[in-house]
Amino acid sequence: MNKLDLIEMAKKARKLSYSPYSEFKVGAAVLCKDGEVYVGSNVENASYGLCMCAERNALYNALMHGKKKEDFVMFAVVADTEGPCSPCGACRQVLQELYPSEAPIYCANLSGDIKETNVEELLPFSFRKDDLK
């Protein structure tokens, strides 16, 4: 699977978004070493603090299927934005802990714009579990 295939899977996941308040649909997909792909879309709630982003849903989906950080090889997020859609700060923090720091993250939009990045670029000087010691 290549990055364009993974982005297409994120686009399909985007269609499952439950976003009646913002109408901002986001899809995400994570590829594992064994070829399995786990997807997520954003899910909103009238109590806004209870909303969940697509990126976290995709990662948590994989974790609930027994995957671990070392299993992840490629991640994609897509939305209908002017430029490539980037994860929010909360998702960046979750990616920092659960996704390999140098593995590619593809931020994309529906127009075909793609930016390749990684956790270190998205969240420099991040808070890490070692900081809790």
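Buried means under 20% relative accessible area, exposed means over 50%, and partly exposed lies in between, with a 1.4 Å probe and protein chains only. Helices (H or I, at least four residues) and strands (E, at least two) are DSSP runs, numbered from the N terminus.

This is a predicted model, in which local features need pLDDT of at least 70 and side-chain atom pairs count only at pLDDT 80 or more, while totals for chains, interfaces and linings use all residues. Residues are numbered from 1 along each chain as its sequence is written, and side-chain values use heavy atoms, with hydrogens and water left out.

**The sheet**

Five strands form an open sheet. Their order is E2-E1-E3-E4-E5, and the pairing is mixed. Two strands pair if DSSP finds at least two bridges between them. The edge strands are E2 (37–41) and E5 (114–117), and each pairs on one side only. From one strand to the next, the twist averages 15°.

Strand E1 covers residues 26–32. How many of its residues are buried? The count is 7 of 7. In a regular strand, side chains alternate between the two faces of the sheet. Both faces of E1 are covered. Val 26, Ala 28, Val 30 and Cys 32 are buried on one side. Gly 27, Ala 29 and Leu 31 are buried on the other.

E1 has antiparallel partners in E3, through 7 bridges, and in E2, through 5 bridges. Some residue pairs are listed here.

| Residue in E1 | Opposite residue | Strand of the opposite residue |
|---|---|---|
| Val 26 | Ala 79 | E3 |
| Ala 28 | Gly 40 | E2 |
| Cys 32 | Phe 72 | E3 |

The hairpin of E1 and E2 has 4 residues between the strands. There, Gly 35 takes a positive phi near 90°.

**The helices**

Helix H2 spans residues 54–64. Its buried residues are Ala 54, Glu 55, Arg 56, Ala 58, Leu 59 and Ala 62. An α-helix has 3.6 residues a turn, so residues three or four places apart point the same way. The buried residues of H2 pack against E1, E2, E3 and H3. Gly 66 follows H2, and its phi is positive, near 90°.

Helix H3 (residues 89–98) buries Cys 91, Val 94, Leu 95 and Gln 96. These buried residues pack against H2, strand E3 (72–79), strand E4 (105–109) and helix H4 (119–122).

**A buried cysteine in a loop**

Cys 85 sits in the loop between E3 and H3. Why does Cys 85 count as buried? Cys 85 counts as buried because its relative accessibility is 7%. Contact means heavy atoms within 4.5 Å. Leaving out residues up to four places away in sequence, Cys 85 touches Phe 24, Val 77, Val 78, Ala 79, Cys 107 and Ala 108. Cys 85 and Val 26 are 59 residues apart in sequence, but 8.6 Å apart in space, C-alpha to C-alpha.

**The largest pocket**

On a 1 Å grid over the protein atoms alone, a pocket is an open set of points with protein on both sides within 12 Å along at least five of seven lines, and lining residues have an atom within 4 Å of a point. The largest pocket is lined by 15 residues. Which lie nearest its centre? They are Phe 24, Val 26, Asn 42, Cys 53 and Glu 55. Helix H2 gives the most to this lining, with 3 residues.

Notes. On a 1 Å grid over the protein atoms alone, a cavity is a set of points where a 1.4 Å probe fits but cannot get out, and a pocket is an open set with protein on both sides within 12 Å along at least five of seven lines; lining residues have an atom within 4 Å of a point. Axes are lines fitted to C-alpha atoms, for helices over the stretch in contact, and angles run from 0 to 180 degrees between N-to-C directions.
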